[in-house]
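Here is a structure to read through questions. Each answer sets a value against a definition and concludes.

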Amino acid sequence: MQIKRIAYYRSDPQRVPKSKIVADGEEIVEIITSGQVCLEIDDDAGYGAGTVFRHRSGEKTVQPAVPGESYECLLLVFATDRPAPERLNYWQDHHSMQSFVSEVLHSYKMSDCDAELLCRYCRVSLEFHCVTEQPEVLPTVLRKSLDYINRNLHAPLEVTELAARAKLSRTYFQALFLRYLGMSPYQYIMKQRLELARELLLDGWNIKEVSGNCGFSHLECFYRAFRRAYQITPGEFQKAASLDK
């Protein structure tokens, strides 16, 4: 078994995405991180963040459940002749899924990436974290809040305003995050902003532009948060990444 491609896909709500038919000898894994999708063979069902599809030869990839709305997913393409696994799976918890997505994308972009080791890591993670029965479902209000946050990381995100948008008290809103994600709303927002910042830095973005596009009001705040999280400055991180290319 080999890893052929890893990518992060964001559908364009202005276009109608077409499902891809999986080629012979391939397995395409789609890990939904945001939005709602469906399978052509099961149009009445909508699958949200945390759903993992493992498509094999001849099967079609997913499409948006609601026309005009977008979704995001991690795409893993394997070359394999192994027996087909269960097609529909669920990642057991949102936090470990987001960490996996970030780690895999970061590793794949490094020039000295060990493809065989990365492939093994992906397969083991899928087997360890995925179940065929849907785990405790995130409340709709929380799922919608997460989608809103992830689509607006560039903008100011105040917890009080997010709670009001969800029509919840600030206390109950925070309690939902702690129960289902194991972190506060502020911690989740900061984690998502910093993970996005790492992706943009790896893509060669200017540090000041990264700071603004990730919702930091001041460059100094960005530097401080990045260093606290990764024990390295954004500039040092970007320089180290460029040396690995």
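Q: Why is Cys-73 called buried in this predicted model?
A: Buried means a relative accessible area under 20%. Cys-73 has a relative accessible area of 1%, so Cys-73 counts as buried.

Q: How do you know that Cys-73 forms no disulfide?
A: A disulfide needs two cysteine sulfur atoms within 2.5 Å. The closest cysteine sulfur to that of Cys-73 belongs to Cys-38 and is 13 Å away, which is too far for a bond.

Q: What about Cys-119: which cysteine sulfur is nearest, and how is Cys-119 classed?
A: The nearest sulfur is that of Cys-122, at 6.8 Å, and Cys-119 is in no disulfide. With a relative accessibility of 5%, set against the cut-off of 20%, Cys-119 is buried.

Q: How many disulfides does the rule give?
A: The count is zero.

Q: What span is expected for helix H8, and what span does the helix have?
A: H8 runs over residues 219-230, twelve in number. At 1.5 Å a residue, 16 Å is expected, and the distance from the first C-alpha to the last is 16 Å, close to that value.

Q: Which residues of H8 are buried, and what puts them on the same side?
A: The buried residues are Phe-222, Ala-225 and Phe-226. They cover an arc of only 100° around the axis, so they lie on the same side of H8. In general, an α-helix has 3.6 residues a turn, so residues three or four places apart point the same way.

Q: Which exposed residues does the face of H8 turned away from the buried side carry?
A: That face carries Glu-220 and Arg-228. Exposed means over 50% relative accessible area.

Notes:
Residues are numbered from 1 along each chain as its sequence is written. This is a predicted model: local features need pLDDT of at least 70, side-chain atom pairs count only at pLDDT 80 or more; totals for chains, interfaces and linings use all residues. Side-chain values use heavy atoms; hydrogens and water are left out. Helices (H or I, at least four residues) and strands (E, at least two) are DSSP runs, numbered from the N terminus. The expected span of a helix is 1.5 Å times one less than its number of residues. Buried means under 20% relative accessible area, exposed over 50%, partly exposed in between (1.4 Å probe, protein chains only). The arc is that of the directions from the helix axis to the C-beta atoms.
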